[in-house]
Number of protein chains: 2
Amino acid sequence: MKDVCRQAKLSPGAVYLYFRSKESILQALAEGGRSQTAAWLSQCKDLSRVVDLILQQLNLPEAQPVFKLDVQLWAEAIHTPKLAALFQRSEAVLLDGLAQIAKRASPKRTDQQAKTIARLLIAVMTGLELQKAMNPTVELGPTGVLLKSTLREV
Amino acid sequence: MKDVCRQAKLSPGAVYLYFRSKESILQALAEGGRSQTAAWLSQCKDLSRVVDLILQQLNLPEAQPVFKLDVQLWAEAIHTPKLAALFQRSEAVLLDGLAQIAKRASPKRTDQQAKTIARLLIAVMTGLELQKAMNPTVELGPTGVLLKSTLREV
DNA sequence: GCATACAAAACGAATGTTCGTTCTTTTTAA
DNA sequence: TTAAAAAGAACGAACATTCGTTTTGTATGC
């Protein structure tokens, strides 16, 4: 809360004019991440583009504080059903979107395979985000190239 | 702390006979995870085995509470330098170990490529762990097969 | 064999602090 | 002049931690 006040340049009392509770702030934060994800997902017509955007986000210096925030949100979701449900819904949307893109690229893939690829992509994205959150000096290097080549092969 | 007491079947006072503080408990927990990871890493002579063990762990029903705990530890590490340093050290060890295995399999890979593969594997592992922590009903399906085939191609 | 003495272990209520929230007051702006 | 916005002190609940007491287990005396 102290951090929220500092970031918003508002006193505790003022913050509570805009949000009912801390939990509703966290929900709004998670909601914001969700819609942002949906926004860039809609710009992707193939998995190569997806990988590009993911790695671009991960390398954005100003996005780094967001990574730390996301880890806090994940932890909060573990013991806050409302947040957990929100994350599960947005993950389901992301999963479907990615699976569709995966299937469009090679229609002979089964739905299950497409979904597995999508799940792995999400895992890579969040996993790398965690690494960057815990150690900002991490360099991703040729991760994007490697990822894209593997996606072409499968 | 309440959860720790319940799990240990000990009163708060008794817990503090074994640990100096909550933080030292978290450190011990993280330390335990580290040595456990080192243990199964030493049993792996190729990446295929690594993938097998990772997915076996992820599918173990009794390991699921550990996933939730890990997410809490990650979040705590974000604002606890001691924990962050511990995680960074153990990640470095894991990274080197996996990179060595990756290079042993195909020596023509550059060190950077091997390290990138290792980093991606760690990302997949923690990413899937996060998914399972937030939604225990997640089914991994043919994730292992797919992962191993992609590793063979690259 | 039983009672006594002692130390280690455990308990759980009490403590002080932190944190989310509220409330009264002051400032801003229309 | 008035309503909206912001401030920040104050409140209460939750939390990590401590401490005086009780229990348990074990060695020692008779």
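**Notebook: two protein chains and two DNA strands**

I began with Val50(A) and set aside its neighbours within four places in sequence; the residues in contact with Val50(A) are then Trp40(A), Cys44(A), Leu98(A), Ile101(A) and Leu121(A). I note here that I am working from a predicted model.

Next I looked up the core. The largest nonpolar core holds 94 residues. Val50(A) and Val50(B) are the ones with the most contacts inside that core.

**Chain A as a whole**

I counted eight helices and zero strands in chain A. Reading along the sequence, I wrote the pattern down as α-α-α-α-α-α-α-α. I then checked the extent of chain A: its C-alpha atoms fill a box of roughly 55 × 30 × 25 Å along the principal axes. Of its 154 residues, 47% count as buried. I also looked at contacts in chain A with a separation of 6 or more, and 61% of these come from residues 24 or more positions apart.

**How the two copies relate**

What turn lays chain B on chain A? I found a turn of 180 degrees, with a shift of 0.0 Å along the axis and an RMSD of 0.1 Å. That is the relation of a two-fold axis. The same surface serves both copies, as 100% of the contact residues of chain B recur in chain A.

**DNA strand D**

I turned to DNA strand D and found 13 residues around it. Ser11(A), Gly13(A), Tyr18(A), Tyr16(B) and Lys22(B) come nearest, so to speak my starting list for this strand.

Which part of DNA strand D lies within 4 Å of the protein, sugar and phosphate or bases? I noted 60% of those atoms as sugar or phosphate, and the rest as bases.

Then I went through the phosphate oxygens of DNA strand D. One lies 2.5 Å from a backbone N or O atom of Ser11(A). For Tyr18(A), a polar side-chain atom lies 2.3 Å from a phosphate oxygen. From chain B, a polar backbone atom of Met1(B) is 3.5 Å from a phosphate oxygen of this strand. The elements that give two or more residues to the surface near DNA strand D are α2 (12–18) of chain A and α2 (12–18) of chain B. Of the elements, α2(A) gives the most, with five residues. By class, I listed eight nonpolar, four polar and one charged residues on this surface.

**DNA strand C**

I repeated the search for DNA strand C. Here too I found 13 residues around the strand, the closest being Tyr16(A), Lys22(A), Ser11(B), Gly13(B) and Tyr18(B). Sugar and phosphate make up 58% of the atoms of DNA strand C within 4 Å of the protein.

A polar side-chain atom of Tyr16(A) lies 2.3 Å from a phosphate oxygen of DNA strand C. Ser11(B) has a backbone N or O atom 2.5 Å from a phosphate oxygen of this strand. I was glad to find a base in my notes as well: a polar backbone atom of Gly13(B) is 3.2 Å from a base oxygen of DNA strand C.

Which element gives the most to the surface near DNA strand C? I found α2(B), with five residues. By class, this surface has eight nonpolar, four polar and one charged residues.

**A last look at Pro65(B)**

I ended on Pro65(B), which lies in helix α5 (residues 64–78) of chain B. Is Pro65(B) buried or exposed? Pro65(B) counts as exposed because its relative accessibility is 55%, and the cut-off for exposed is over 50%. I also compared Pro65(B) with Leu130(B): they are 65 residues apart in sequence and 12 Å apart in space, C-alpha to C-alpha.

Definitions and conventions: Residues are numbered from 1 along each chain as its sequence is written. Chains are lettered from A and ligands numbered from 1 in the order in which they are written. This is a predicted model: local features need pLDDT of at least 70, side-chain atom pairs count only at pLDDT 80 or more; totals for chains, interfaces and linings use all residues. Side-chain values use heavy atoms; hydrogens and water are left out. Copies are superposed by least squares on the C-alpha atoms of residues with pLDDT of at least 70 in both. Contact means heavy atoms within 4.5 Å. A nonpolar core is a set of buried Ala, Val, Leu, Ile, Met, Phe, Trp, Tyr and Cys residues joined through side-chain atoms within 4.5 Å. Buried means under 20% relative accessible area, exposed over 50%, partly exposed in between (1.4 Å probe, protein chains only). A residue is near a molecule or strand if one of its heavy atoms lies within 4 Å of it. A polar contact is a pair of N or O atoms within 3.5 Å; within protein, one must be able to donate a hydrogen and the other to accept it, and residues adjacent in sequence count only if both atoms are side-chain atoms. Helices (H or I, at least four residues) and strands (E, at least two) are DSSP runs, numbered from the N terminus. Ala, Val, Leu, Ile, Met, Phe, Trp, Tyr, Cys and Pro count as nonpolar, Asp, Glu, Lys and Arg as charged, and the others, Gly among them, as polar.
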